[in-house]
Structure formats: C-alpha cells, structure tokens
Amino acid sequence: MVFSVKQAATIPSLYVDLRERRIDFIFGRMMTPIEHEDLVAEILFGDPLVIVAGTRSKWLRRRRIDLAELVDEAWCLMPDDLPIAPFVAEAFRSSGLKRPRVSVRANAPHLFYAMARTGRFLTVAEVSTVLLNGKRLGLSPLPIKLTIQPGPIGIVTLRNRTISPCAQQFIDGAREFVRALARQVQ
C-alpha cells in the first residue's frame, strides 16, 4: 500500500489536483464551504483550537483565567495572511478585546509548540493535537472558556468517481479514528 501525501500552497490548487485525478481525495481542515457541484464534502470532526501553554507556564497554576488577562502576554501565532489567523483575532474581538500581542510569527506549528513549551509564550493548538500529543509536546490547554472553531476536519472527493480500495481503506480508517477522538472531546 503506497500513499502519496501532498501539501498544496492553496485550497484551489488541491481542487485542481482532485479534478485532474492526481489525488484521490482531500483530507484536512475545510476552511471554506464546499460549493462545487462536482465535489462531495464529508465533515468528520469539528476540531476547535484552544489556547495552550507549556507545562511550566504560570498560567497553568490558575483555576480560572479571563481572556483579557492574556492579551498583553507573549504569543507565538501564525501570520495574518494564513487562514486560521482571522479566527484567532475574531475570538478576541468578539469578547471586546484587541488582538493578542504577538511576539513571534511563524507558519510552522512545531515552532509555536516549541515556543509555548518554554512556558514564556502562549499559542493555539487543535484539541486533537492536545489530546493526542499534548504530553509529548509539553503543552496543556489553559483553564479558559474559549474555543476557536476555524472549520471542520473532513474529506472531499470528486462526485461520481470510484475511490481506489487503498484510498477507501484510508477514508474508513479516518472515520473510525475520528469517531473515537470525538468521544474524548465531549
């Protein structure tokens, strides 16, 4: 069984690859609604973002945190031109707050997590990342009632296209895995 994993620069280029049959399906976060008649979207999981800190962070010693207390802390976040950035900004704006003070901008989640792990920075991470890898990454969610929902995780396929047995096996496994993960989130 051989899988080819491709990361495209843009979502539209992934749709082109799907339509030209260079890939069997798209699996990942759906940032925009799928409104193309030739595509079928299946939502699997609503993997929200949560605010995380390193396990040595002063914030993890608190039982309750108000979002306003975090605005002027040091944050490591993605650049404003990446799709998730507006959702983080909106979470603060909808609470009547300015954007958090970003000390480090990067488009690599492993850098966010490494910076947060030091205990000196805050960042955001998917709930699934925290559940599956939080301990290994040295990250814990802050005790704050705020989740950021940038778009669900799902699968996009080409309508009326027969999926290869290998791709179908992956999709079936993804569905099963996500059902188990969703039970942990609730």
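From the N terminus on, the elements of this protein run α-β-β-β-β-α-β-α-β-α-β-β-α. That gives five helices and eight strands, and the whole thing is a predicted model. The contacts lean heavily on distant parts of the chain: among those with a separation of 6 or more, 78% are between residues 24 or more positions apart. Below is a quick tour of the overall build, the salt bridges, one buried serine, a nonpolar surface patch and two residues with positive phi.

**Overall build**

- Taken along the principal axes, the C-alpha atoms fill a box of roughly 50 × 30 × 25 Å.
- The protein has 186 residues, and 42% of them are buried.
- Its accessible surface comes to about 11,100 Å², with 53% of that belonging to carbon and sulfur atoms.
- On the charge side, there are 26 positive and 18 negative charges, and their mean positions sit 9 Å apart.

**Salt bridges**

- The structure holds 13 salt bridges, including the three pairs picked out here.
- Asp38 and Arg19 pair up through their side chains, at 2.5 Å from N to O. Asp38 is in the loop between β1 and β2 (39-45) while Arg19 is in helix α1, so this pair links parts of the chain 19 residues apart. Asp38 has a relative accessible area of 29%, so it falls in the partly exposed class. Arg19 is partly exposed too, because its relative accessible area is 30%.
- Asp24 forms a salt bridge with Arg161, and their closest N and O atoms are 3.1 Å apart. Asp24 lies in the loop between α1 and β1 and Arg161 in the loop between β8 and α5, so the bridge ties together parts that are 137 residues apart in sequence. The two partners fall into separate burial classes: Asp24 is partly exposed at 27%, whereas Arg161 counts as buried because its relative accessibility is 17%, with the cut-off for buried being under 20%.
- Arg29 and Glu126 meet in a salt bridge at 3.7 Å, N to O. Here the link runs from strand β1, which holds Arg29, to strand β6 (residues 122-126), which holds Glu126, and the two are 97 residues apart. Both of these residues are buried.
- Then there's a small network: Asp17, Glu20 and Arg22 are joined by salt bridges that share partners.

**A buried serine in α4**

- Ser128 lies in helix α4, which covers residues 127-137.
- Its relative accessibility is 12%, so Ser128 counts as buried.
- Leaving aside residues up to four places away in sequence, Ser128 touches Phe45, Asp47, Asn133 and Leu181.

**A nonpolar patch on the surface**

- Leu131, Leu132, Phe177 and Val185 form a nonpolar patch on the surface, and together they offer about 330 Å² of accessible area. The elements giving two or more residues to this patch are α4 and α5 (165-185).
- Val185, one of the patch residues, lies in helix α5. With a relative accessible area of 34%, Val185 is classed as partly exposed.

**Positive phi without glycine**

- Most residues other than glycine have a negative phi, so the next two are worth a look.
- Arg21 isn't a glycine, yet it has a positive phi of about 60°. You'll find Arg21 in the loop between α1 (11-19) and β1 (26-29). At 48% relative accessibility, it counts as partly exposed, because exposed would take over 50%.
- Asn160 is the other case, with a positive phi of about 65° although it is not a glycine either. Asn160 has its place in the loop between β8 (153-158) and α5. Its relative accessibility is 79%, which is over 50%, so Asn160 counts as exposed.

Methods: Residues numbered from 1 in each chain as written. Predicted model: local features only at pLDDT ≥ 70, side-chain atom pairs only at ≥ 80, totals over all residues. Heavy atoms only, no water. Helix = DSSP H or I, 4+ residues; strand = E, 2+ residues; numbered from the N terminus. Buried < 20%, exposed > 50% of the residue type's maximum accessible area, 1.4 Å probe, protein only. Contact = heavy atoms within 4.5 Å. Areas by Shrake-Rupley, 256 points an atom, 1.4 Å probe, with all protein chains shown as cover. Lys, Arg positive; Asp, Glu negative; His and termini not counted. Charge placed at Lys NZ, Arg CZ, Asp CG, Glu CD. Patch = residues over 30% accessible without salt bridge, like charges linked within 9 Å, V, L, I, M, F, W, Y side chains within 5 Å. Salt bridge = Lys/Arg side-chain N within 4 Å of Asp/Glu carboxyl O.
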